[in-house]
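This report introduces the structure shown below to a reader who has not met it before. It takes up the strands, the contacts between charged side chains and the surface in turn.

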Amino acid sequence: MSILSNYIIQDLIQNVSKGVTETFKFVLERYNSNEVFAYTLYIDDYCSYLGWAANTISHYEIEKVNYPKEDQPFIKWYYPQFAIGLGEVPEKIDSIFNNEIQNILNDANTLISEDNFEQYQAEVYDSIIEGFKKAIASVDKEKTKNVIFFVSIADSDNTEIMENYSAEQLNSYEKFITFKNRFQN
């Protein structure tokens, strides 16, 4: 039995799709699609917020000089170090995340109990990935050919597991393998 109602699941999927579509469009208006290499959604373990971020090759090249060589692969994929994201763009662009999605997550959080937390968490994560897939499918493939899409969990022991799982769900096999091997030198 599902913790989330079908209405909440569908509302989350639709709004995530809308949010990704709008923010990715905004990113592509600011950067050449060949320059963008990563777009991520990030959430916390308790599913209380959802954010987005995108990274570019030029931004990474600037950022990596501030880190030791062994940390460079990490910061390339660490969304707080990305070129652009939630809170750095006009409120109109972020409003889908700050308002609609936030309201859905707030309502959904009232359904959490100690006994159903893991299932609740899985349903929210799966809905986010489904909405993300829907958005990616609506974007011109030529504009996404160099971009790796993934979901991250902020400050979690399960971050790498979620990132790899979502990257496998959202990308071609070749892009997934590249991403999966992201920390190997």
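## Where two strands meet

In this predicted model, Tyr42 stands opposite Ser152, a residue of strand β4. Six bridges join strand β1 to β4, and these two strands run parallel. Strand β4 covers residues 148-153, while β1 covers residues 36-43.

## The sheet as a whole

The pair just described belongs to an open sheet of four strands, in the order β3-β2-β1-β4, with mixed pairing. Strands β3 and β4 are the edge strands, and each of them pairs on one side only. In general, the strands of a sheet pair through backbone hydrogen bonds, in either a parallel or an antiparallel manner.

On its other side, β1 is joined to β2 by seven bridges, and the two strands run antiparallel. Several residues of β1 can be matched with their partners in β2: the bridge partner of Val36 is Thr56, that of Ala38 is Asn55, and that of Leu41 is Trp52. Together β1 and β2 form a hairpin, with six residues between the strands. Within the turn, Cys47 has a positive phi of about 55°.

Strand β2 also pairs with β3, a strand made of residues 84-85. Two bridges join β2 to β3, and the strands run antiparallel. Here Ala53 stands opposite Gly85 of β3.

## How the central strands are covered

Are the residues of β1 buried or exposed? Eight of the eight residues of β1 are buried, so this strand is largely enclosed by the rest of the structure. Strand β2, residues 50-56, is mostly covered, with seven of its seven residues buried.

In a regular strand the side chains alternate between the two faces of the sheet. For β2, both faces are covered. Leu50, Trp52, Ala54 and Thr56 are buried on one side, and Gly51, Ala53 and Asn55 are buried on the other. Some of these buried residues have already appeared as pairing partners: Trp52 is the partner of Leu41, and Thr56 is the partner of Val36.

## Salt bridges

How many salt bridges does the model contain? The count comes to four. One of them links Glu29 and Arg30, whose closest N and O atoms are 3.6 Å apart. Glu29 is classed as exposed because its relative accessible area is 51%, and the limit for this class is over 50%. Arg30 has a relative accessibility of 48%, so it counts as partly exposed.

A further salt bridge joins Lys64 to Glu61, with the closest N and O atoms 3.1 Å apart. Both residues lie in helix α2, which spans residues 57-64. They are three residues apart, about one turn of the helix. Lys64 has a relative accessible area of 21% and is partly exposed; it is not classed as buried because that term requires a value under 20%. Glu61, at 39%, is also partly exposed.

The side chains of Lys145 and Glu142 meet in another salt bridge, at 2.8 Å from N to O. Lys145 counts as partly exposed, with a relative accessibility of 44%. Glu142 is likewise partly exposed, at 47%.

## A helix residue and its spatial neighbour

Lys180 is located in helix α8, which comprises residues 173-180. With a relative accessible area of 46%, Lys180 is partly exposed. Lys180 and Glu168 are 12 residues apart in sequence, and their C-alpha atoms are 8.6 Å apart in space.

## A nonpolar patch on the surface

Which residues form a nonpolar patch on the surface? The patch consists of Phe74, Tyr78 and Phe183, which together have about 260 Å² of accessible area. Phe74 lies in helix α3, a helix of residues 72-77. Its relative accessibility is 40%, so Phe74 counts as partly exposed.

Note on methods
Residues are numbered from 1 along each chain as its sequence is written. This is a predicted model: local features need pLDDT of at least 70, side-chain atom pairs count only at pLDDT 80 or more; totals for chains, interfaces and linings use all residues. Side-chain values use heavy atoms; hydrogens and water are left out. Buried means under 20% relative accessible area, exposed over 50%, partly exposed in between (1.4 Å probe, protein chains only). Two strands pair if DSSP finds at least two bridges between them. Patches are made of residues with over 30% relative accessible area and no salt bridge: like charges are joined within 9 Å, nonpolar side chains (Val, Leu, Ile, Met, Phe, Trp, Tyr) within 5 Å. Accessible areas come from the Shrake-Rupley method with a 1.4 Å probe; for residues, only the protein chains shown count as cover.
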